[in-house]
Amino acid sequence: FLGGLFGGKKEAPPPAPVNPNAKPLPALCLFITDGANADRPATERLLRESQGQPVYWMMVGVGPSHHFGFIEEMADALPNVGFLNLSSLDISDDALYEQLITDEFCDWVKQVA
């Protein structure tokens, strides 16, 4: 997963045909941060406005846990926002997936799918 972000090259699959009558598929959006954000009102507005959309925001805080109070608050307040704190990005893909795919996320997918 992270190897693809940091230099691993993979060809993208061809786009699937679009059915205009199909229900939108749920999406997982990873937001990776060090916790230093100066745009709290805009971030909160975006997260709240996304409540009616099939988007689950997984906020991944990298670094000391005390840097992530704001995004933890958003994850506690909103059903389509989760939070994961990693001390570093030195983690295997399997361990990362195990922590990203939470029961809360799975329950959310079942509700919107």
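## A tour from the salt bridge to the central strands

Across the whole structure a search turns up one salt bridge, the term being used for a side-chain nitrogen of Lys or Arg within 4 Å of a carboxyl oxygen of Asp or Glu. The model is a predicted one, in which local features need pLDDT of at least 70 and side-chain atom pairs count only at pLDDT 80 or more, while totals for chains, interfaces and linings use all residues. Residues are numbered from 1 along each chain as its sequence is written, and side-chain values use heavy atoms, with hydrogens and water left out.

**Stop 1: helix H2.** Select Arg48 and Glu44, whose side chains meet in the salt bridge at 2.9 Å, N to O. Both residues lie in helix H2, four residues apart, about one turn of the helix; helices (H or I, at least four residues) and strands (E, at least two) are DSSP runs, numbered from the N terminus. Arg48 has a relative accessibility of 41% and counts as partly exposed, and Glu44, at 27%, also counts as partly exposed, where buried means under 20% relative accessible area, exposed over 50% and partly exposed in between, with a 1.4 Å probe and protein chains only.

**Stop 2: strand E2 and its partners.** Now select residues 55-62, which make up strand E2; six of these eight residues are buried, so the strand is largely enclosed by the rest of the structure. Add strand E1 (residues 27-33), which runs parallel to E2 and is joined to it by seven bridges, two strands being paired if DSSP finds at least two bridges between them. To see the register, pick Ile32, which stands opposite Val60 in E2. The chain crosses from E1 to E2 through helix H2 (residues 40-49), and this β-α-β crossover is right-handed, meaning that, with the strands pointing away from the viewer, the path from the first strand over the helix to the second runs clockwise.

Next add strand E3 (residues 81-86), which pairs with E2 in the parallel sense over six bridges; here Met58 stands opposite Gly82 in E3. With helix H3 (residues 69-77) also shown, E2, H3 and E3 can be followed as a right-handed β-α-β unit.

**Stop 3: Thr33.** Return to strand E1 and select Thr33, which counts as buried at 14% relative accessibility. What is Thr33 in contact with, leaving aside its neighbours within four places in sequence? Its contacts are Val60, Gly61, Val62, Phe68 and Ile71, where contact means heavy atoms within 4.5 Å.

**Stop 4: the aromatic cluster.** A search of the whole structure finds four aromatic pairs; rings of Phe, Tyr and Trp (its six-membered ring) pair if their centres lie within 6.5 Å, and planes under 30 degrees apart count as stacked, over 60 as edge-to-face and the rest as tilted. Select Tyr56 and Trp108, which form a tilted pair with 5.4 Å centre to centre and 55 degrees between the planes. Tyr56 lies in strand E2 and Trp108 in helix H5 (residues 103-112), so the pair ties together parts that are 52 residues apart in sequence. Both Tyr56 and Trp108 are buried, the latter at 7% relative accessibility.

Add Phe105, which forms a stacked pair with Trp108 at 6.3 Å centre to centre and 25 degrees between the planes. Phe105 and Trp108 are three residues apart in helix H5, a separation of about one helical turn, and Phe105 is buried too, with a relative accessible area of 11%. Finally, show Tyr56, Phe105 and Trp108 together, since ring pairs link these residues into a cluster.
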